[in-house]
Amino acid sequence: MRLSVIAEEDEWHRVETVFGRQSFRRKAGEALHPSASRPKCSGSFAAPSANTILLASTSRRRHRRALWTKRATAVLNAIRRIISSDPGIRRTAIATTISPVGDLLVEACLDQLLDHLGIAGAHFAGRSLADVQGFIAKHSERIASLTLVCPTVLNPHSLALLDARLLVVTGDHGLGARRVQAVLPALPEATAVVLDDYAGLTWADLAADRGERIDTAMREFLQHRDPLPSAGLSEQQGETADISFRIRGSGPPLVLLPLDLSPGQWEPLIPTLSARHCTIALGGPLFGSVASLEERGRSGYMAVVRGLLDALAIRPGESVLEVGCGSGVIVRELARRTARANRLIGRDINAYLLREARALARRAGLLDHIDFGEGRAEALPLPDAAVDVALSSTVFEEGDAERMLAEIVRVTRPGGRIGIVVRAVDMPFWVNLPLDPALKAKVDAPNVIGGGVAPKGVADSSLYRRLSAHGLTGLKCFPQLVSVVPGSERIERYQQQILAALTPAEAATWHRAVAAAERDGTFFIAQSYHCAVATKPG
Ligand SMILES: C[S@@+](CC[C@H](N)C(=O)[O-])C[C@H]1O[C@@H](n2cnc3c(N)ncnc32)[C@H](O)[C@@H]1O
């Protein structure tokens with residue numbers, strides 16, 4: 001009897017974990033259905049009884065998908081138990097379908113992690129509320145305190161449960177800091193510390209830039225919290241429940257969640273924090289920017305990426321560089337598209353994201369075909385004319401765009417192609433809700449949604465002129481619109497950003513309009529991108 005399993009390629013490692021790697025005859029990376037947006041893996045192996053298992057992930061949501069992940073493992077385990085206990089079963093067909101059930105996964109995994117480490121409760125510190133929102137709602141008794149460092153938005157309803165257990169460290173200017181300061185009055189018990197002359201942009205190296213002040217704020221805040229017993233854990237690293245952890249120091253446990261796109265993450269602060277605490281630094285696909293970039297990589301954003309790759313017309317054998325590859329969404333797409341016949345290079349400034357990118361590519365069976373490594377876009381560690389094709393997507397906003405462009409042109413061979421995508425802050429977000437004109441104008445205003453631009457970054461149509469000014473030829477300019485839809489972490493974040501700009505009465509109107517539009521399936525927020533492809537003269 002043969003048993004077949006179909007799963008998304010990125011999830012295939014789970015199937016192998018449950019059933020055993022060697023037992024499969026695997027066909028990787030096929031698009032099994034013409035309408036499938038992502039390639040699926042299929043495999044079959046000799047099973048004692050049931051002859052068909054179908055696992056279908058329909059999810060495009062981080063939480064739903066994650067739940068699927070958890071359920072899939074549970075379903076697979078259940079199937080294995082059924083198979084081994086009842087050899088008489090025939091023609092079993094099992095399809096997993098997903099229903100929205102809220103933020104269960106991250107909270108469940110964090111809960112499992114603490115159990116695994118034998119810790120009843122811990123101090124927590126991180127940046128993105130999405131990482132802990134579900135955990136606060138479900139297990140707030142396990143949170144001795146929560147420190148949020150330069151969050152880009154706060155949801156006072158989720159955080160109210162923590163009362164005085166909350167420390168918010170925020171900048172004094174910039175979009176994120178303004179949004180945070182707008183909602184702090186709704187959290188009167190929380191402690192707030194403001195970093196002078198600091199914006200704390202999403203990609204800022206927080207612990208490197210302002211480590212001393214953050215450390216002092218945490219020390220003063222934590223010494224007034226209820227004492228926690230020492231964690232009694234040895235220095236180690238490991239992985240459980242899809243979370244990787246690294247333990248340093250001794251004392252009361254302090255769980256360090258990732259700091260979004262921050263290149264150095266907590267590293268500069270680990271020695272001082274570990275002198276007072278048993279620090280447990282977490283990673284993995286469930287948290288922060290990895291979760292967010294991976295979710296975007298399952299969304300309409302991929303149509304923009306595929307449009308760029310189509311326009312670049314990559315030929316077999318050509319080498320392709322992605323500058324600012326993040327968690328590897330685009331290079332993995334490239335590896336699948338090029339059937340592994342091309343040399344693929346991913347460079348990024350962020351060692352933490354590169355670690356996660358390698359782990360995700362390994363899971364997808366694609367790591368052998370991608371060379372991930374550290375590199376600053378403004379000074380790429382590659383010789384002149386090193387690659388046939390170079391691309392970068394949503395990176396030029398975050399640094400010195402002119403130097404990045406000069407470098408990308410330098411490392412591309414004459415006659416090679418260059419493709420760039422940037423968020424378009426010169427085009428408004430489109431919020432698809434029937435609001436009265438005054439409220440519509442307020443939510444559509446510039447800078448209500450979005451993450452800002454670095455002083456020398458580019459996130460507007462000047463991209464096209466800059467490419468032309470570098471002497472590139474055959475310039476194709478094609479701005480694109482992407483719908484961000486309900487169910488994604490991103491639309492929830494955008495909504496929090498909008499709500500931070502509204503009065504309580506306007507917020508109530510907003511919630512009613514969203515509820516009605518969700519019921520009839522018309523709610524989305526569209527976001528624009530500038531995209532361009534050009535050739536380096538031969
Ligand atoms: C928004 S993410 C985009 C990731 C990926 N391109 C994608 O579309 O999924 C921006 C990435 O650029 C990286 N980055 C920012 N500034 C950089 C620089 N100066 N040099 C290299 N990488 C940089 C960040 O670490 C992050 O991984």
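These legends describe close-up views of a predicted model.

**View 1. The residues around the ligand.**
The ligand is surrounded by 21 residues. Gly 324, Gly 326, Asn 350, Ala 377 and Gly 399 are the closest. Sorted by class, the shell holds ten nonpolar, seven polar and four charged residues.

**View 2. Strand E6, covered on both faces.**
E6 spans residues 166-171, and six of its six residues are buried. In a regular strand the side chains alternate between the two faces of the sheet. One side of E6 carries Leu 166, Val 168 and Thr 170. The other carries Leu 167, Val 169 and Gly 171. Every one of these residues is buried, on either face.

**View 3. E6 and its strand partners.**
Strand E5 (residues 143-149) runs parallel to E6, and four bridges join them. Thr 147 has Leu 167 of E6 as its bridge partner. E6 also pairs with strand E7 (residues 191-195), again in the parallel sense, over five bridges. Here Val 168 stands opposite Ala 192 of E7. Helix H6 (residues 175-183) completes a β-α-β unit with E6 and E7. The unit is right-handed.

**View 4. Strand E12 and its neighbours.**
E12 covers residues 320-323. Val 320 and Glu 322 lie on one side, Leu 321 and Val 323 on the other, and all are buried. The charged residue Glu 322 is thus among the buried residues of this strand. Four bridges tie E12 to strand E13 (residues 344-348), and the two run parallel. Val 320 is opposite Leu 344 in E13. Between these strands the chain passes through helix H11 (residues 329-337), in a right-handed β-α-β crossover. E12 is also joined to strand E15 (residues 387-393), by three bridges and in parallel. In that pairing Leu 321 faces Ala 390 of E15.

**View 5. The largest nonpolar core.**
In soluble globular proteins, nonpolar side chains tend to be buried together. The largest such core in this model has 136 residues. Which of its residues touch the most other members? They are Leu 256, Leu 282, Leu 308, Ala 390, Ile 420 and Val 422. Helix H12 (residues 351-363) gives the largest share, seven residues. The core lies between domain 2 (105-284) and domain 3 (291-535), because both give residues to it. Ala 390 also appears in View 4, as the residue of E15 opposite Leu 321.

**View 6. Helix H9, buried from end to end.**
H9 spans residues 288-296, and nine of its nine residues are buried. They include Gly 288, Ser 289, Val 290, Ala 291, Ser 292 and Leu 293. Glu 294, Glu 295 and Arg 296 are buried as well.

**View 7. Two loop residues with positive phi.**
Most residues other than glycine have a negative phi. Ala 241 has a positive phi of about 50°, although it is not a glycine. Ala 241 sits in the loop between strand E8 (236-240) and strand E9 (243-248). Is Ala 241 buried or partly exposed? It has 19 other C-beta atoms within 10 Å, so it counts as partly exposed; 20 or more would make a residue buried. Asn 447 also has a positive phi, near 70°. Its loop lies between helix H14 (437-444) and helix H15 (462-469). Asn 447 counts as exposed because it has 12 C-beta neighbours inside 10 Å.

How values were computed. Residues are numbered from 1 along each chain as its sequence is written. This is a predicted model: local features need pLDDT of at least 70, side-chain atom pairs count only at pLDDT 80 or more; totals for chains, interfaces and linings use all residues. A residue is near a molecule or strand if its C-beta atom, placed from the backbone, lies within 6 Å of it. Two strands pair if DSSP finds at least two bridges between them. A crossover is right-handed if, with the strands pointing away from the viewer, the path from the first strand over the helix to the second runs clockwise. A nonpolar core is a set of buried Ala, Val, Leu, Ile, Met, Phe, Trp, Tyr and Cys residues joined through C-beta atoms within 7 Å. Domain bounds come from an automatic or database domain assignment.
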